[in-house]
Amino acid sequence: MKWKNRQHGEESPYMPAGPFKIRLPFIHYRFEWPDYVQGLLMCAVDLGAITLLAQHLGMPFEVALAVVVLNGLLYLFHHILGDPVIPGWITPAIPLIVLFVTQFDEGPDRVYALIAFQLTLGILSIILGITGLASKVVHMVPNAIKAGIIFGAGIGAVVSVFGEGGQFSLFPVTITICIGFAFFLTFSKAFEQIRKKNKGFIFTLLGNLGILPAIFLAVIVAPLFGEANWPDIQWGFSKPDFATLWAEYTVFGLGIPDMSFFLQAIPAVLATYLVVFGDVLKTKALLSESDVVRTDEKVDYNPNRAHLIFGGRNALMSMIGPDITMCGPMWAAMQVVVIERYKEGKKAMNSLFGGIGSFRWGTNTGLLLLPIVSLVQPILPVALALTLLVQGYVSVRIGVMQAQSQRDLGIAGVVAALLVIKGASWAFAVGILLCVLIYGKDFFKGEVDNTFVKDSLDSSKKEEMKEVS
């Protein structure tokens, strides 16, 4: 048990392997049972991907479950190879990916399009990780276009739920009640005040579990209002259908996509990468916050190593189980939850790798347990809708804040609308044209007109006036 020998201020023990740092449970980090149990429950969110795969690729439940299980196994590679994160989907980009693949006829062509998209994204991420060019590529994109892409991804998420054929038409009452509950727990100032005043276990748990309480509420609400059947709880282990997956939905059965699919995927891949890099920046910020509190452990986060890992995951999944949710660098909600427990001290969580690793071992166990899978199976579309709506809220907020001026906001609005209606190619083309016409030689720099700063200054002046009066 090498983890017991870590000295104050050192990294948790590992086996060096080039850019990677291999860590195994019980040997290099203490297994954290609270995070493992939480992972068992949170696998319900991972299962939400089944709805997307069934709806847009026509996958049977057991085949889609096989994709989720494979993706779950690859989640483990992040902490094992030295990346201190809880990985997840590229949730804000799901509407972009759906918009791209649905341009093709359902069947082999749509699967080819998804394979080409995921493989291209994987190769791009690996190249940027090897060369260290990731930050330079993103900084080359004007703020107005970045704002529009992220803003548009958020709008697209909301449209996918409430638009024609969306989940809201099937579960109107359940989604209304449960998204209200989820927003109250996640974003409400009132609940934040309740948590501060009441430090009890229940309020802390509700605040730390993200949208999971809302998903469990849906299990009860949907049958009560006749929008789903009561769960048929089954015992034993789940049975993912890998044989059908590989025969009918991968390169092993269909062959390699034609080059035209890869060329058509490039604009949507670039738009998705902008979202991915945003998650990388958020990861650095979250870990910097924890470093201030936990001086006993040095946590090494390397964006280039992260690119290699999630790029490799996407490249591999494109071959063995193409997935609309993609393989993202971080599940922000759960990363925050684990880091908050990590901040409580060494007794609560010996090493951050113990917390994130135990959590992902837990989700993988949950995916194989039939009682958990069968419990949430009737309301998986609701779980997906809740995920998309919460992410839509966050993406719109982050997208708007990427803009530095009112002109940026105007361009971003046009780009966002075109992204949702016409796709990434139109969004990039029109965004570039507008930036050229409006900013000219300042194409990359844009402008800063202190729009947001002005509002904060106005508020400060009002407060000063009140104090004076």
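# Helix packing and the nonpolar core

Helix α2 (residues 49–57) is largely enclosed by the rest of the structure, because 7 of its 9 residues are buried. The model described here is predicted. The points below cover α2, the largest nonpolar core, the pairing of helix α1 with helix α17, and one buried residue of α17, Asn364.

**Helix α2**

- The buried residues of α2 are Ala49, Ile50, Thr51, Leu52, Leu53, His56 and Leu57.
- These buried residues pack against five helices: α1, α3 (61–80), α4 (94–101), α5 (108–131) and α19 (380–402).
- Gly58, just after α2, has a positive phi of about 70°.

**The largest nonpolar core**

- The largest nonpolar core contains 127 residues.
- Met59, Ile149, Ile324 and Ile379 have the most contacts inside this core.
- Helix α14 (residues 259–293) supplies the largest share of the core, with 14 residues.
- When neighbours within four places in sequence are left aside, Met59 is in contact with Leu53, Ala54, Ala64, Val67, Leu245, Tyr249 and Pro322.
- One of these partners, Leu53, is also among the buried residues of α2.

**Helices α1 and α17**

- Helix α1 spans residues 33–46 and helix α17 spans residues 352–368.
- The two helices pack at an angle of about 55°, and their axes are 6 Å apart.
- Angles under 35 degrees count as roughly parallel and 65 to 115 as roughly perpendicular, so α1 and α17 are oblique to each other.
- Their crossing is right-handed.
- On the α1 side, the contact is made by Asp35, Tyr36, Gln38, Gly39, Leu40, Met42, Cys43 and Asp46.
- On the α17 side, the contact is made by Gly355, Ser358, Phe359, Arg360, Trp361, Gly362, Thr363, Thr365, Gly366 and Leu367.
- The residues of this contact divide into 7 nonpolar, 8 polar and 3 charged.

**Asn364**

- Asn364 lies in helix α17.
- Asn364 counts as buried because its relative accessibility is 9%, and buried means under 20%.
- Not counting residues up to four places away in sequence, Asn364 touches Val69, Gly72, Leu73 and Leu76.
- Asn364 and Val68 are 296 residues apart along the chain, and their C-alpha atoms are separated by 9.5 Å.

How values were computed:
Residues numbered from 1 in each chain as written. Predicted model: local features only at pLDDT ≥ 70, side-chain atom pairs only at ≥ 80, totals over all residues. Heavy atoms only, no water. Axes fitted to C-alpha atoms, helices over the stretch in contact; angles between N-to-C directions. Helix = DSSP H or I, 4+ residues; strand = E, 2+ residues; numbered from the N terminus. Parallel < 35°, antiparallel > 145°, perpendicular 65-115°, else oblique. Left-handed = near helix turned anticlockwise from the far one by under 90°. Contact = heavy atoms within 4.5 Å. Nonpolar A, V, L, I, M, F, W, Y, C, P; charged D, E, K, R; others polar. Core = buried A, V, L, I, M, F, W, Y, C linked by side-chain atoms within 4.5 Å. Buried < 20%, exposed > 50% of the residue type's maximum accessible area, 1.4 Å probe, protein only.
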